[in-house]
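Biologist: Can you put the structure up? I'd like to go through the ligand and then the cysteines.

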Amino acid sequence: MKILITGAQGQLAWDLINAQQATSFECIGLSRKELDITHEDNIQSVLSEVKPNTVINVAAYTQVDRAEEEKDLAFQINGLGPQLLAKQCNTRNIPLIHVSTNYVFDGKQTQPYREEDPTHPINVYGASKLEGEIHVKNECAQHIILRVSGLFGKHGNNFVKTMLRLFQEREELNVVDDQFICPTPTCDIATSIWQIIERLSTATQKPQWGTYHYNSSPPVSWYQFTETLLEIARTHRSFRIQALHAISTDQFKTAAKRPLNSVLNCEKIFKVFGIEQRSWEPGLRQLIEDLLR
Ligand SMILES: NC(=O)c1ccc[n+]([C@@H]2O[C@H](COP(=O)([O-])OP(=O)(O)OC[C@H]3O[C@@H](n4cnc5c(N)ncnc54)[C@H](OP(=O)(O)O)[C@@H]3O)[C@@H](O)[C@H]2O)c1
């Protein structure tokens, strides 16, 4: 079975391509240069040549703050790109697995978000990702939209890497304590996506296409996550950092607003695909070890 992965130089794509489960498939990862999802003719020629059985779209515009100024570009990559991909996949009867985000929600709900909860993005990035979701739903009958949150992995920029750098550079750090997330190792998302593909390829019943949520557990604030991160990092080496201070979102201005509640309910993905929520801590320990070794 041939699986085509877009945005192959990204953080999540790296873990998808290098996952143990990927070896059971013929896995073809294409970078933006090889497949630009905003160019329909490029998509057509690649799909005709590669003839994949499934496409995984992890190509995206992911600069949340910069998106406030680069709205057109964000919508082109996160809205138009998935639309073109979905249309071409549908024409060829190819299932599309499209990765999305909790930023389609406004974060005002107190409970973890379920798939059917009303969407209401509060920044440009979230709005552009929601547009992509809508197109995938409308244009491609055989689709899985997988919403994830708070990714961290070895390849690419993320919160963990930023914090490890700041622990070296600063004596004190302010970290937001009123935004709650389920930080998620990219290798866990990769495992979940491969589990979905395995299930779909062996399913005896009609596949349950639609939207699913996955993030690790348990929920923590960015401040709580940073405390754990520092504790683990200190088991490897000493840092300049002396104190972490918990602050509120109001005290930490960013170009794009962030949801206060980024926690996704993962019951549906467990019920349909048997995918259990894993703890983020082993993935965090492994990443810190890999980065500091
Ligand atoms: N990071 C998070 O915390 C987070 C949270 C929730 C959801 N997500 C979602 O998870 C997915 C993967 O995120 P990630 O962190 O792996 O992102 P990433 O590291 O930024 O990777 C995205 C990749 O997409 C490529 N790309 C951009 N425009 C493209 C285009 N027009 N055609 C083809 N490829 C293009 C980028 O290439 P260049 O390097 O050339 O720009 C990059 O390699 C995305 O859908 C994202 O929205 C991420």
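Modeller: Start with Thr 62: one of its polar side-chain atoms is 2.6 Å from an oxygen atom of the ligand. A polar contact here is a pair of N or O atoms within 3.5 Å. This is a predicted model, where local features need pLDDT of at least 70, side-chain atom pairs count only at pLDDT 80 or more, and totals for chains, interfaces and linings use all residues. Residues are numbered from 1 along each chain as its sequence is written, and side-chain values use heavy atoms, with hydrogens and water left out.

Biologist: How much of the ligand does the protein bury?

Modeller: The protein buries 81% of the 910 Å² that the ligand exposes when taken alone. Areas come from the Shrake-Rupley method with a 1.4 Å probe.

Biologist: What classes of residue make up the shell?

Modeller: Eleven nonpolar, ten polar and three charged residues. Nonpolar means Ala, Val, Leu, Ile, Met, Phe, Trp, Tyr, Cys and Pro; charged means Asp, Glu, Lys and Arg; the others, Gly among them, are polar.

Biologist: New topic. How many disulfides?

Modeller: Zero, with a disulfide taken as a pair of cysteine sulfur atoms within 2.5 Å.

Biologist: Why no bond for Cys 27?

Modeller: Because its closest cysteine sulfur, in Cys 89, is 15 Å away, too far for a bond.

Biologist: And which cysteine sulfur is closest to that of Cys 187?

Modeller: That of Cys 266, at 15 Å, again too far for a bond. Cys 187 is partly exposed at 37% relative accessibility; that class lies between buried (under 20%) and exposed (over 50%), using a 1.4 Å probe and protein chains only.

Definitions and conventions: Polar contact = N/O pair within 3.5 Å; in protein donor to acceptor, adjacent residues only side chain to side chain.
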